[in-house]
Amino acid sequence: MGRSTKTVKRRKGILGGLALVAVVAGLCWSLLVAPPDAYQGEVQRIMYLHLPSILTAYLSYFLVFIGSGMYLWKRDNKDDLLAHAAAELGVLFTALTIIEGSIWGKPTWGVWWTWDARLTLTAILLLIYAGYLMLRSSIDDEQRAASAAAILGILGFLDIPLIHMSVYWWRTLHQPPSILRPDKAPWENVHPAMLTALAISFVGFLLLYFYLLSLRYRVGEMRQEIKALRLERGV
Amino acid sequence: MGAWGYVSLAYGIVCGAILMYWFLLKRRYNAAEAELKRLRSSEAAANHDKS
């Protein structure tokens with residue numbers, strides 16, 4: 001194993017360790033330190049998962065958008081690898097967001113699911129990027145698969161502003177944003193102990209995300225190297 | 001189900017799903033690493049034989 005490979009592995013290990021510490025700190029703060037909500041009670045603690053999950057998913061789709069755009073422009077495989085890895089993680093975090101929302105919805109709204117504008121648009125987002133992954137695996141020619149997926153990856157990103165604005169544009173059951181509001185700063189709207197729990201949880205999700213992304217990206221990179229070596233040897 | 005039941009269910013599913021994804025990703029990572037190592041070493045052996 002080369003020295004640089006060892007350094008990269010050590011960095012990944014450090015990032016993974018930091019992510020674990022931050023996630024555990026976020027869990028402890030969210031479940032033990034943050035006070036219960038005045039109206040919703042203990043069930044509001046799901047917010048400390050729900051909001052970081054969807055923000056991580058948005059970040060992931062932003063990377064898909066950037067990677068896809070760069071791939072269509074420069075035709076560099078590394079951009080496509082980034083977009084592919086980010087799309088897979090985006091699907092994971094979007095699915096988790098929908099599940100958490102559903103569990104939170106049952107005691108607060110009385111239903112597991114409703115065809116509310118924000119929920120429906122989030123479900124569409126999940127379907128678009130699940131479709132992105134299926135599209136990639138259904139086309140044999142790698143360049144064509146990457147190009148088609150890049151176009152879908154860019155178009156799919158347009159759903160995110162719709163999701164964010166849906167609570168303003170339509171009458172929805174989903175509450176308007178508490179943190180990302182244009183009229184109020186987060187600390188004017190949320191109790192400091194709740195905001196701290198949310199911040200720690202979000203940092204934990206971010207570190208975990210970048211750790212998983214680095215692993216997933218390396219898997220894609222190694223697969224390409226394997227394919228190139230096999231081609232070279234005519235296997 | 002009480003409020004803590006819903007909270008536990010949400011936290012349990014998220015932790016379980018992320019752990020499961022990490023475990024499967026690690027398996028894919030290790031498999032790709034082993035395959036790459038095998039291909040590189042067999043290539044090095046072939047080059048050595050040629051020289």
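**Salt bridges, helices and a two-chain interface**

Student: Which side chain meets that of A:Arg218 in a salt bridge of 3.3 Å, N to O?
Tutor: Keep in mind that this is a predicted model. In it, the side chain of A:Arg218 pairs up, N to O at 3.3 Å, with that of A:Glu225.

Student: Is A:Arg218 buried or exposed?
Tutor: Its salt-bridge partner A:Glu225 has a relative accessible area of 25%, so that one is partly exposed. For A:Arg218 the relative accessible area is 17%. The cut-off for buried is under 20%, so A:Arg218 counts as buried.

Student: How far apart are the closest N and O atoms of A:Glu221 and A:Arg218, and how many residues separate the two in the helix?
Tutor: These two form a salt bridge, with the closest N and O atoms 2.9 Å apart. Both sit in helix α8 (residues 192–233) of chain A, where about one helical turn separates them. An α-helix has 3.6 residues a turn, so residues three or four places apart point the same way. So the numbers you want are 2.9 Å between the atoms and, along the helix, 3 residues.

Student: Which residue of chain B is linked into a network of salt bridges with A:Arg218, A:Glu221 and A:Glu225?
Tutor: We've already met the chain A members: A:Arg218 bridges to A:Glu221 and to A:Glu225. The network of salt bridges has one more name in it, from chain B: B:Arg40.

Student: Which residue of chain A forms a salt bridge with B:Glu35?
Tutor: The closest N and O atoms of this salt bridge are 2.3 Å apart, with B:Glu35 on one side and A:Arg230 on the other. B:Glu35 belongs to helix α1 (residues 3–50) of chain B and its partner to helix α8 of chain A, so the pair joins two chains. At 18% relative accessibility B:Glu35 is buried, while at 33% its partner is partly exposed. The residue you asked for is A:Arg230.

Student: How many salt bridges does the rule find across the interface of chain B and chain A?
Tutor: One pair joining the chains is B:Arg28 with A:Glu88, at 3.1 Å between the closest N and O atoms. For context, a search over all chains turns up 11 salt bridges. Across the interface of chain B and chain A, the count is 4.

Student: How many residue pairs are in polar contact across the interface of chain B and chain A?
Tutor: Counting pairs where both residues are at pLDDT 80 or more, the rule gives 7 residue pairs. On the side of chain B that touches chain A, there are 6 charged residues, 1 polar and 19 nonpolar. The polar-contact count you asked for is 7.

Student: Which three residues supply 22% of the area that chain B buries against chain A?
Tutor: In contact terms, 26 residues of chain B meet 38 residues of chain A. The area buried between the chains is about 3200 Å², and carbon and sulfur atoms give 76% of it. The three that supply 22% of chain B's share, more than any other three residues, are B:Tyr6, B:Tyr11 and B:Tyr29.

Student: Which backbone oxygen does the side chain of A:Ser68 reach?
Tutor: A:Ser68 lies in helix α2 (residues 47–74) of chain A, and at 1% relative accessibility it counts as buried. Leaving aside residues up to four places away in sequence, A:Ser68 touches A:Ala83, A:Ala150, A:Gly153 and A:Ile154. At 2.6 Å, its side chain reaches the backbone oxygen of A:Val64.

Student: Which residue just after α2(A) takes a positive phi?
Tutor: The 28 residues of α2(A) reach 40 Å from first C-alpha to last, close to the 40 Å expected at 1.5 Å a residue. Just after the helix, phi turns up positive, at about 60°, in A:Arg75.

Student: Which residue caps the N-terminal end of α3(A)?
Tutor: Helix α3 (residues 77–109) of chain A should span 48 Å with its 33 residues, and its end C-alpha atoms are 46 Å apart, which agrees. After the helix comes A:Gly110, with a positive phi near 90°. At the N-terminal end, a side-chain oxygen lies 3.0 Å from the backbone nitrogen of A:Lys78, and the capping residue that supplies it is A:Asp76.

Student: How many helices and strands are there in chain A?
Tutor: From the N terminus on, the elements run α-α-α-α-α-α-α-α. The C-alpha trace of chain A spans about 65 × 40 × 30 Å along its principal axes, and 44% of its 235 residues are buried. The tally for chain A is 8 helices and 0 strands.

Note on methods. Residues numbered from 1 in each chain as written. Chains lettered and ligands numbered in written order. Predicted model: local features only at pLDDT ≥ 70, side-chain atom pairs only at ≥ 80, totals over all residues. Heavy atoms only, no water. Contact = heavy atoms within 4.5 Å. Buried area = accessible area lost by both parts, 1.4 Å probe. Polar contact = N/O pair within 3.5 Å; in protein donor to acceptor, adjacent residues only side chain to side chain. Nonpolar A, V, L, I, M, F, W, Y, C, P; charged D, E, K, R; others polar. Helix = DSSP H or I, 4+ residues; strand = E, 2+ residues; numbered from the N terminus. Buried < 20%, exposed > 50% of the residue type's maximum accessible area, 1.4 Å probe, protein only. Expected span 1.5 Å × (residues − 1).
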